Amino acid sequence: MPSPIDVALSNVPPVKTRFNGSLWHRTPFKGPPTPQVEAAWQNAMAYGMIAVSAADLHRAERFEDLATAAQFPPWVLDLQSPRGQEEDDSKAEEEKDKYIAVAMGTHQLHCLHFIWQDHYATYFPNTTLRKQKEVPELYELHYEHCIDLIRQTIMCDFDTAILSYDWVADHHVPTPNTNVMHKCIDWDALQAWLKKRAVPMPEGFVWEKPQGQKSLHFNP
């Protein structure tokens, strides 16, 4: 079953893009860490927490009963400026109850960013380095979670583009040429969909479990 994002972008054609996989190619995401590099990562994950309807979660084939799904407090949603909706959206978008969600791709970017930060742990003494020292077991579980989530993603959405090898001067063996063509999602259209549903949390907000809220008996 297509996800809500698949449905929303079904009429948006893919974008043909040539990857640049050169070792020497500079991008805004490559280290060592600087405020500019960190800003590039944060910008890619700008719309992490989004509000979705019960219909969206059903469409996404959520395994657990919705009785345990966490919702945004109504007053938090009331603080946000009205988010425009596509004209052909179903009445599900009109549902008052909005559930906390994140696009899986955004979470995958978070995991890749987490691994990148681990490589430069000394540059992040108040986050990465501190967690490595204070909660080493939990940190290791998080690290392995991220590795395996990215592994599952690659195997599920296996990239079928073919890269060739070239002879390169002063190289003694054929060298992979990763500058190949891909059909990519329209990033701007995706970000526009996420932005409409993004919920910036108020400064100082603390989550409180609603009275009578049902909970899972396990960590999913």
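The following exchange examines how the descriptions of this predicted model are reached.

Me: What makes the chain's confidence values worth stating at the outset, and where does pLDDT stay under 50?

Reply: The chain averages a pLDDT of 90, and 94% of the residues score at least 70. Residues 84-88 stay under 50, and the model has seven contacts for them beyond four places in sequence.

Me: How is the chain built up in terms of helices and strands?

Reply: The chain has eight helices and six strands. From the N terminus on, the elements run α-β-α-β-α-α-β-α-α-α-β-β-β-α. The C-alpha trace spans about 70 × 50 × 35 Å along its principal axes. Of the 220 residues, 26% count as buried. Among contacts between residues at least 6 apart in sequence, 76% join residues at least 24 apart.

Me: Why is the pair of Phe114 and Tyr143 called tilted?

Reply: The ring centres are 6.3 Å apart, and the limit for a pair is 6.5 Å. The planes meet at 55°, whereas stacked requires under 30 degrees and edge-to-face over 60. The angle satisfies neither condition, so the pair is tilted. By this rule the count comes to ten aromatic pairs.

Me: What makes this a link between distant parts of the chain?

Reply: Phe114 belongs to helix α5 (residues 104-119) and Tyr143 to helix α7 (residues 136-156), and the two are 29 residues apart.

Me: Why is the pair of Tyr120 and Tyr123 called edge-to-face?

Reply: The centres lie 5.8 Å apart, with 85° between the planes. Edge-to-face applies over 60 degrees, so the angle of this pair meets the condition. Both residues also belong to one aromatic cluster, together with Phe29, Trp41, Trp116 and Phe124.

Me: Are Tyr120 and Tyr123 buried or partly exposed?

Reply: Tyr120 has a relative accessible area of 18%. Buried means under 20%, so Tyr120 is buried. Tyr123 is at 48% relative accessibility. Exposed means over 50% and buried under 20%, so Tyr123 counts as partly exposed.

Me: How do you know that the length of α5 agrees with its number of residues?

Reply: At 1.5 Å a residue, the 16 residues of α5 should span 22 Å, and the end C-alpha atoms are 23 Å apart, which agrees.

Me: Which residues of α5 are buried, and what covers them?

Reply: The buried residues are Thr106, Cys111, His113, Phe114, Ile115, Trp116 and Gln117. For Phe114 the relative accessible area is 9%, against a limit of 20%, so the residue is buried. The cover over the buried residues of α5 includes α2 (35-44), α6, α7 and α8.

Me: What makes the buried residues of α7 lie on the same side of the helix?

Reply: In α7, Tyr139, Cys146, Leu149, Ile150 and Thr153 are buried. They cover an arc of only 95° around the axis, so they are on the same side of α7. These buried residues pack against α5 and α6 (128-134). The face turned away from the buried side carries the exposed residues Glu137, Leu141, Met155 and Cys156.

Me: How do you know that the span of α7 agrees with expectation?

Reply: The 21 residues of α7, at 1.5 Å a residue, should span 30 Å, and the end C-alpha atoms are 30 Å apart, which agrees.

Me: Why is Gln191 called buried?

Reply: Gln191, in helix α8 (residues 187-197), has a relative accessible area of 12%. That value is under 20%, so Gln191 is buried. Leaving aside neighbours within four places in sequence, Gln191 is in contact with Ala44 and Tyr47.

Me: What makes Arg197 count as lying over the face of Trp193?

Reply: Arg197 is at 4.0 Å from the ring centre of Trp193, and the limit is 6 Å. Arg197 lies over the face of the ring.

Me: Why is Met201 called partly exposed?

Reply: Met201, in the segment after α8, has a relative accessible area of 27%. Partly exposed runs between 20% and 50%, so the term applies to Met201. Not counting residues up to four places away in sequence, Met201 touches Met49, Phe72, Val76 and Trp207. Met201 and Met49 are 152 residues apart in sequence and 8.8 Å apart in space, C-alpha to C-alpha.

Terms used: Residues are numbered from 1 along each chain as its sequence is written. This is a predicted model: local features need pLDDT of at least 70, side-chain atom pairs count only at pLDDT 80 or more; totals for chains, interfaces and linings use all residues. Side-chain values use heavy atoms; hydrogens and water are left out. Rings of Phe, Tyr and Trp (its six-membered ring) pair if their centres lie within 6.5 Å; planes under 30 degrees apart count as stacked, over 60 as edge-to-face and the rest as tilted. Helices (H or I, at least four residues) and strands (E, at least two) are DSSP runs, numbered from the N terminus. Buried means under 20% relative accessible area, exposed over 50%, partly exposed in between (1.4 Å probe, protein chains only). A charge sits over a ring if NZ of Lys or CZ of Arg is within 6 Å of the ring centre and within 35 degrees of the ring normal. Contact means heavy atoms within 4.5 Å. pLDDT is the predictor's confidence in each residue, from 0 to 100. The expected span of a helix is 1.5 Å times one less than its number of residues. The arc is that of the directions from the helix axis to the C-beta atoms.
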